[in-house]
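Subject: Structure for your review

Dear colleague,

Please find below the structure that I am handing over to you. I should be grateful if you would look through it alongside the notes that follow.

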Amino acid sequence: CPWEVALLARPMHPPARKDYVSVTFGEQSGGKYNNSKQLRRRSCWRKWKQLSRLQRSLALFALVLLLVFGMTSYPAVHQHFRGTRQADPPLRVVGLAVATSLCAVLKGKVCTLVPTGLTNSRLVLRFSETFRLEGVRESFRHAWRGYKEFAWGHDELKPITKTYAEWFGLGLTLIDALDTMWILGLKEEFAEAREWVSTELSFNKNVDVNLFETTIRILGGLLSTYHLSGDPMFLEKATDIGSRLMPAFKTPSKIPYSDVNIGKGTAHPPRWTSDSTVAEVTTIQLEFRELTRLTHDQQYQDAVGEVARQVHQLEGKQDGLVPMFINTNSGQFTRQGIFTLGARADSYYEYLLKQWIQGGKKEHQFLEDYLQAIEGVKKNLLQKSSPSGLTFVGELSHGQFSPKMDHLVCFLPGTLALGAHHGLPDDHLELARLLMETCYQMYAQMETGLSPEIVHFNTHQGSTRDVEVKPADRHNLLRPETVESLFYLYRFTKDPKYRDWGWEILQSFNKHTKVSTGGYTSINNVRDPDFPLPRDKMESFFLGETLKYMYLLFSDDLDLISLDRYVFNTEAHPLPIWPSEPKE
């Protein structure tokens with residue numbers, strides 16, 4: 001058909017929504033509708049019944065717009081059908097009054113009509129951020145529906161098989177999502193989850209937990225929810241789990257073990273090594289420091305402060321960059337010579353800046369280490385790809401550069417922008433912009449519109465594609481880092497492209513990872529849109545981080561988690577920036 005009405009993106013399971021209506025003239029042979037044969041065979045009535053009320057409203061909106069547009073441009077359309085159109089006909093803006101009336105009828109839930117342009121043969125009507133915010137809420141509700149029905153009180157949802165997986169047996173997804181529900185204004189869901197935490201959550205269990213993951217997800221989530229809601233029950237639970245994690249610090253070096261049995265009060269390193277990763281032992285400080293401030297029990301801040309003090313003075317760094325492992329017996333870096341901002345080291349750099357911000361910009365050793373590390377990144381890890389010249393962060397292994405970049409590294413644009421917002425050099429923001437473009441391209445250049453876990457950039461002249469992805473790296477875990485950085489970049493620059501990129505990513509999640517019975521699934525192959533190979537796992541951080549940052553990206557309320565009053569932990573749980581002590 002020579003007309004295309006772009007209302008709904010084709011999802012893997014139920015349809016997702018776009019934030020605009022577009023009417024396009026296309027060639028008769030080129031207007032192929034991208035859908036499967038099975039979907040094309042469904043009856044129109046069945047399709048219509050499967051749409052939500054909001055989607056039906058959008059469909060009716062488009063039909064009325066097409067009718068009005070058709071009546072006002074019949075001669076041009078007639079020529080187009082006959083194949084005699086020499087150029088795009090002028091679009092007469094008749095019918096916009098009708099569209100405006102429809103938007104008014106829909107009461108702002110779909111659009112506040114702003115005709116953004118008439119370009120070529122496309123009439124674009126952009127919808128309000130209210131529409132996008134409701135889209136994020138709808139995604140959260142869909143994910144939560146699957147968790148509630150098939151995995152309630154358990155750690156993770158397995159949406160394909162409609163069951164659950166346990167990691168620690170502590171309701172990980174539920175706790176991780178508490179402050180997201182509060183921020184999204186989902187009061188009923190929050191109240192139900194709060195009741196479970198109050199009556200069912202117990203840490204008196206003979207179970208080994210990971211110190212780092214439990215700190216950032218559970219301790220961080222409970223502390224954040226306490227601050228947002230003011231409910232003392234969450235602080236009581238946070239204090240309980242915080243005290244049970246303290247045996248991890250009983251090591252010869254005071255560098256903590258990775259694993260703690262929260263019921264027995266014992267701790268140990270991984271079964272295969274006596275090392276901990278540098279990221280894990282240096283990304284627990286925000287939470288334990290805040291626990292000390294709230295409880296006035298100094299043991300928590302003293303323990304994590306000792307770790308930070310030791311890492312600050314350790315030898316083995318290169319221009320402020322740290323190795324990936326540290327030994328819990330000797331307190332020294334091990335397996336030296338490999339430097340990355342990806343897995344096992346990433347959040348060390350994030351927490352240098354954020355501890356400085358959390359403490360009121362008084363602890364200068366954190367700032368010094370952070371600034372030195374960023375200069376080390378510029379000197380050792382930054383290169384540009386070919387042919388597009390994308391700026392990326394690679395890795396260094398014993399002096400040899402590797403053009404490998406984890407998706408985890410996409411936290412860096414947001415962190416750089418946050419530092420610039422708090423007074424660090426302007427070139428940090430410029431670097432953030434360049435890296436943000438790269439992280440977006442890691443999505444845009446994939447056939448599914450979703451980034452793989454790891455990419456390798458081409459650096460040789462004559463390359464035809466910037467990004468290569470090895471078969472083992474093609475999975476997508478619903479990670480938040482790119483959306484996180486989009487949130488920071490939009491907050492500080494107000495450039496609307498960052499919102500547009502975020503909306504594209506959300507629609508790609510809806511198209512390729514949304515499971516019709518509830519929940520979202522990680523996938524194994526971002527290069528194959530027809531067979532992305534679902535992994536049957538919804539990580540807790542999809543609710544705790546990805547959708548939270550997506551919502552904040554589209555919110556115009558700058559007081560909703562103000563970045564002058566809060567600092568996010570690495571699991572997107574906002575903790576307050578400490579107030580300045582009154583001067584005497």
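The notes below begin with the chain as a whole and then turn to the annotated positions.

Please bear in mind that this is a predicted model.

The chain as a whole

The chain has 584 residues, of which 59% count as buried. Its secondary structure comprises 20 helices and 22 strands. The exposed area of the chain is about 24,300 Å², and carbon and sulfur atoms account for 51% of that area. When contacts between residues at least 6 apart in sequence are considered, 68% of them join residues at least 24 apart.

The largest nonpolar core contains 150 residues. Leu178, Leu222, Phe249 and Leu341 are the residues with the most contacts inside this core. Setting aside residues up to four places away in sequence, Leu178 touches Phe190, Ala193, Arg194, Val197, Leu222, Thr225 and Phe234.

The annotated active site

An unreviewed UniProt entry lists Glu213, Asp346, Glu453 and Glu481 under "active site". From this set, Glu213, Asp346, Glu453 and Glu481 appear in the lining of the second largest pocket.

Asp346 belongs to helix α14, which covers residues 346-358. Because its relative accessible area is 13%, below the 20% limit, Asp346 is classed as buried. Beyond its neighbours within four places in sequence, Asp346 is in contact with Ala279, Leu341, Leu408 and Phe411.

Glu481 lies in helix α18, which covers residues 481-493. Glu481 has a relative accessibility of 9% and therefore also counts as buried, the limit being under 20%. Apart from neighbours within four places in sequence, the contacts of Glu481 are His407, Leu408, Cys410 and Phe411. Leu408 and Phe411 thus appear in the contact lists of Asp346 and of Glu481.

The annotated binding site

The unreviewed UniProt entry also places a "binding site" feature at Thr570. This residue is located in the loop between β21 (566-568) and β22 (574-576). Is Thr570 buried or exposed? With a relative accessibility of 16%, Thr570 falls under the 20% limit and so counts as buried.

Neighbours within four places in sequence aside, Thr570 is in contact with Phe212, Ile216, Thr283, Ser347, Glu350, Tyr351 and Glu545. With one of these residues, Glu350, the side chain of Thr570 makes a polar contact of 2.8 Å to the side chain.

Yours sincerely,

A colleague

Conventions
Residues are numbered from 1 along each chain as its sequence is written. This is a predicted model: local features need pLDDT of at least 70, side-chain atom pairs count only at pLDDT 80 or more; totals for chains, interfaces and linings use all residues. Side-chain values use heavy atoms; hydrogens and water are left out. A nonpolar core is a set of buried Ala, Val, Leu, Ile, Met, Phe, Trp, Tyr and Cys residues joined through side-chain atoms within 4.5 Å. Buried means under 20% relative accessible area, exposed over 50%, partly exposed in between (1.4 Å probe, protein chains only). Contact means heavy atoms within 4.5 Å. Helices (H or I, at least four residues) and strands (E, at least two) are DSSP runs, numbered from the N terminus. Accessible areas come from the Shrake-Rupley method with a 1.4 Å probe; for residues, only the protein chains shown count as cover. UniProt positions are given in the numbering used here, feature names are shortened, and annotations may be inferred rather than shown by experiment. A polar contact is a pair of N or O atoms within 3.5 Å; within protein, one must be able to donate a hydrogen and the other to accept it, and residues adjacent in sequence count only if both atoms are side-chain atoms. On a 1 Å grid over the protein atoms alone, a cavity is a set of points where a 1.4 Å probe fits but cannot get out, and a pocket is an open set with protein on both sides within 12 Å along at least five of seven lines; lining residues have an atom within 4 Å of a point.
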